[in-house]
Amino acid sequence: MSGGPAGHTWPARDALAAHVARHAATHPLLNALVQPRPDEAAREAALELSGLLAGVTVSVKECFPVRGLRTTLGIPGRGVVADLTDADIVSRLRAAGAIVVGKANVPQAMYLHETDNPVWGRTNHPLSPARSPGGSSGGDAALVAAGVVGLAVGTDLAGSLRQPAHACGIATLMPRSTVLGEGGAVDTLPHLTAVRPRAGFITRCVEDLAVALAAVVPGGFLSAPPPRRVGWWDTSGPIPPSAAIRRGVAEAVARLQAAGIEMVPLDGALAEEAAWLHLAILAADGGADIRTLFGGVRPMPGVRRLIALAALPRRLRPALAAIARLAGRRLEARGLLATGPRDAAGRGNLVARRADLAKRFAALLGDCEAVVCPVSALPALRHGTAARLLLAAAPCLAANLLDLAAGAVPVTSVRPDEERGRPWSFDPVLRAAAATDRGSAGLPVGVQVIAGPAGGEATVLAVMRLLEGPPSQRADS
């Protein structure tokens, strides 16, 4: 990884030249760095750079303002005028010596775990053009995985860092909201107060995450002793996990046990409850904030479908759910009942439920300092399936809901014998899950690490270091 944070000492101009060459070689496949700034980056690389990230090439998620570039969110007509100032996280990266090479692609309105929009087009997975790198930080994940940049900065409201990292076989860290906040990203959900997006980093290895965080938030993130007790579950919520996902957790548990950590099996049902509650909070405005972003522009089909579902009045939902169940659409029926517009009292009830769930989550963990569990129910999704397979990201949502530090790290890849095995179902979501498994051999599989309520970023990094192992044992080696 040229120009990477940890232990890489290439001169800035050499690191930038390597980035330019790699971008030119991979862009026809990836279409991930959609707003490059080669001339400005070259001028910056010629300066005397200093700091922990001196000379590191960095891509920035399209939602972060970067002076001279545009913030469109993938919506035609937005971002006609270039950004005049940098987002806070961009300023911090520059101060640490990083070279910002441009903006990476996002899903339209950052509303799907699939990176595609009518402004910049579709971003492909580095290993398979038929698959997506995920989202909404999918462009950045594709760039890191392909070796185009050493570091990327994104945001996470519902798995938007961890889903792409898992899909692409790289590492990510989502700090608590008090560490980086939203990083100065454009606020697409101004009326959402119960939970908020969080800025975080994507890199190829865990140590690079630690250095990146220490560079922009000095103090104590580089190292911490491994925890003594770690909980785990291998369930993934409404969509059962693929065979490779379940095996990935088992391998992670074995690695941590071999490192002397006591591994405690826990019931993952509470994480599924948290996922449904998080989705209810996100949909409580009926999709009003997202609709406002579009003005008179028609959203893409997948985005339009989710916005329409969010807007359905709650009084209609029981009848529609009953019809969906009769048609074999069990998961859609459950989603209809769990989500939808709520008045102030209804939103207050959701917040109260979150407080109760936080207490029960802490009790479930007991003296476990962290949890290892799936990132997603599935490997990288096929293009065009993210709206139907939204619930694949359910394992990520507890950390978002409860403002816990979390990360993802690759541990294995899908084997040919793991491409099949799901029972046949009438449910179109489960049929789409089975189709995702088919042809997935060789795709990366990561696991998620969530710090307990008393822990934080250092705990997550310590566990992920052990899971990653030395370079010769890494999933991407």
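**Helix 9, the open sheet and side-chain pairing in a predicted model**

In helix 9, the buried residues (under 20% relative accessible area, with exposed meaning over 50% and partly exposed in between; 1.4 Å probe, protein chains only) are Leu-270, Ala-271, Glu-272, Ala-274, Ala-275, Trp-276, Leu-277, His-278, Leu-279, Ala-280 and Ile-281. The model is predicted, local features requiring pLDDT of at least 70 and side-chain atom pairs pLDDT 80 or more, whereas totals for chains, interfaces and linings use all residues. Residues are numbered from 1 along each chain as its sequence is written, and side-chain values use heavy atoms, without hydrogens and water. Helices (H or I, at least four residues) and strands (E, at least two) are DSSP runs numbered from the N terminus.

Because 11 of its 14 residues are buried, helix 9 is largely enclosed by the rest of the structure. Its buried residues pack against helix 13 (330-338), helix 14 (344-365) and helix 15 (397-401), contact meaning heavy atoms within 4.5 Å. The end C-alpha atoms of helix 9 (residues 269-282) are 20 Å apart, in agreement with the 20 Å expected at 1.5 Å a residue; the expected span is 1.5 Å times one less than the number of residues. Glu-272 of helix 9 and Arg-334 form a salt bridge, with the closest N and O atoms 2.8 Å apart; the term denotes a side-chain nitrogen of Lys or Arg within 4 Å of a carboxyl oxygen of Asp or Glu. Since Arg-334 lies in helix 13, this pair ties together parts that are 62 residues apart in sequence. Glu-272 is buried, at 19% relative accessible area, while Arg-334 is partly exposed at 36%.

The structure holds 26 salt bridges. A network of them links Arg-247, Glu-251, Arg-255, Arg-415, Asp-417 and Glu-418. Within this network, Arg-255 and Glu-251 meet at 3.9 Å, N to O; the two residues are four apart in helix 8 and therefore separated by about one helical turn.

An open sheet of 11 strands shows mixed pairing in the order 1-3-2-6-8-7-12-13-11-9-10, two strands being paired if DSSP finds at least two bridges between them. Strand 1 (33-36) and strand 10 (262-265) are at the edges with a single partner strand each, so one side of each lacks a neighbour in the sheet. The twist from one strand to the next averages 30°. Strand 1 runs antiparallel to strand 3 (residues 99-104), to which three bridges join it; Gln-35 has Lys-103 as its bridge partner in strand 3. Helix 1 (residues 12-30) packs on the sheet, touching strand 1, strand 2 (57-61) and strand 3, and makes about 20° with the direction of strand 3. Axes are lines fitted to C-alpha atoms, for helices over the stretch in contact, and angles run from 0 to 180 degrees between N-to-C directions.

Two aromatic pairs are present. Rings of Phe, Tyr and Trp (its six-membered ring) pair if their centres lie within 6.5 Å, with planes under 30 degrees apart counted as stacked, over 60 as edge-to-face and the rest as tilted. Trp-233 and Phe-361 have ring centres 6.4 Å apart and planes at 85°, so this pair is edge-to-face. Trp-233 lies in the loop between strand 9 (229-232) and helix 8 (243-258) and Phe-361 in helix 14, so the pair ties together parts 128 residues apart in sequence. Trp-233 is buried at 4% relative accessibility, as is Phe-361 at 2%. The rings of Trp-424 and Phe-426, with centres 4.8 Å apart and planes at 80°, are likewise edge-to-face, but both residues are exposed.
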